[in-house]
Amino acid sequence: MIGNTLGIITLIGGAFFLLVGSIGLIRLPDFYTRNHATGKSDTLGIMLVIFGLMLIEGFTLNSAKLAFALIFVFLTNPTGTHALTNAALNYGLKPWFKQQTGKGGSRCTGK
Amino acid sequence: MHKFFLYYSLVLTIIIFIPLYRVVKGPTIFDRMLGAGAIGTKTMVLILTIGLVFNRLDMFIDIILAYAVLNFIGTIAIAKFLGTEKSKE
């Protein structure tokens, strides 16, 4: 009973973080800021959802498999985000600055 | 409990449709790839919730493990392919 209650609270928290990541993906002005929003929020949201399902399931084989899925998502989702950002930086995509006018205002500070 | 998971999967379906805007109207190809990755990540959660609705969680967990591997390898392959190109400017 207490596991079910805690699990439902954790599931709703995970859905909230997934919603925040989606809104950040359509609202932010630049590729790098969008990548920052969805990379962190989606990882935290899906980890919270899987942890809530582990709490609901209890101590079974399904819970162990969900733990492996949790570790896999924790390792691979930031890795994919970092690889995509690195590809964009190699491609030559310019970051967004607040003042776009002026001499050299929109130069990329990276290499 | 069953009704809660049904409504939860309905809300998740609405959340999944939001990044589709970025996939359709992305300025660069990286934005489209980022939106596709976000949709894949949220679809994993939807498949898990559908498994709880149908009371067959043991089968759907194996499906999401394969889905996570495919999503990760797709993102890595697209990033590896696009990282070797230069912009036309």
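So, what covers the buried residues of helix H3 in chain A? Part of the cover is from chain A itself, namely helix H2, residues 31-57. Chain B also contributes, with its helix H3, residues 29-53, and its helix H4, residues 57-83. Keep in mind that this is a predicted model.

Let me stay with H3 of chain A for a moment. The helix runs over residues 61-91, so to speak, and that makes 31 residues. From first C-alpha to last it reaches 45 Å, close to the 45 Å expected at 1.5 Å a residue. Which of its residues are buried? Here they are: A:Leu66, A:Ala69, A:Val73, A:Asn77, A:Gly80, A:Thr81, A:Leu84, A:Ala87 and A:Ala88. If you look at the spacing, remember the usual helix rule: there are 3.6 residues a turn, so residues three or four places apart point the same way. Right after this helix you get A:Gly92, with a positive phi of about 105°.

Okay, the rest of chain A. Its secondary structure comes to 3 helices and 0 strands, so from the N terminus you just read α-α-α. The chain has 111 residues, and 32% of them count as buried. Now take the contacts in chain A between residues at least 6 apart in sequence: 59% of those join residues at least 24 apart.

On to where the two chains touch. Chain A puts in 36 residues and chain B puts in 38. On the chain A side, the elements giving two or more residues are helix H1, residues 2-27, plus H2 and H3. Which one gives the most? That's H3 of chain A, with 16 residues. By class, the chain A side splits into 22 nonpolar, 11 polar and 3 charged residues.

Let's zoom in on one pair across that contact, H3 of chain A and H3 of chain B. People describe two packed helices by the angle between their axes and the distance between the axes. For this pair, the axes come within 11 Å and cross at roughly 175°. Angles over 145 degrees count as roughly antiparallel, and therefore H3(A) and H3(B) are roughly antiparallel to each other. Who meets whom? From H3(A) we have A:Asn77, A:Gly80, A:Leu84 and A:Ala88, and from H3(B) there are B:Phe30, B:Met33, B:Leu34, B:Gly37 and B:Thr41. That contact has 5 nonpolar and 4 polar residues, with no charged ones. And those four from H3(A) are among the buried residues I listed earlier.

Now inside chain B, with H3 and H4. Their axes come within 9 Å, crossing at roughly 175°, and therefore this pair is roughly antiparallel too. On the H3(B) side, the residues include B:Met33, B:Gly37 and B:Met44, while the H4(B) side includes B:Phe60, B:Tyr67 and B:Ile78. This contact counts 16 nonpolar, 5 polar and no charged residues.

One more spot in chain B: B:Val11, in helix H1, residues 2-16. Buried, exposed or partly exposed? B:Val11 has 14 other C-beta atoms within 10 Å, so it is partly exposed. Compare its position with B:Gly83: the two are 72 residues apart in sequence, and 36 Å apart in space, C-alpha to C-alpha.

Last thing, confidence. Chain B averages a pLDDT of 89, and 97% of its residues score at least 70. For the complex, the predictor gives an ipTM of 0.87 and a pTM of 0.85. As a general caution, where pLDDT is low, the predicted coordinates should not be read in detail.

Methods: Residues numbered from 1 in each chain as written. Chains lettered and ligands numbered in written order. Predicted model: local features only at pLDDT ≥ 70, side-chain atom pairs only at ≥ 80, totals over all residues. Expected span 1.5 Å × (residues − 1). Buried ≥ 20, exposed ≤ 12 C-beta atoms within 10 Å, placed from the backbone. Contact = placed C-beta atoms within 7 Å. Nonpolar A, V, L, I, M, F, W, Y, C, P; charged D, E, K, R; others polar. Axes fitted to C-alpha atoms, helices over the stretch in contact; angles between N-to-C directions. Parallel < 35°, antiparallel > 145°, perpendicular 65-115°, else oblique. pLDDT = per-residue confidence, 0-100.
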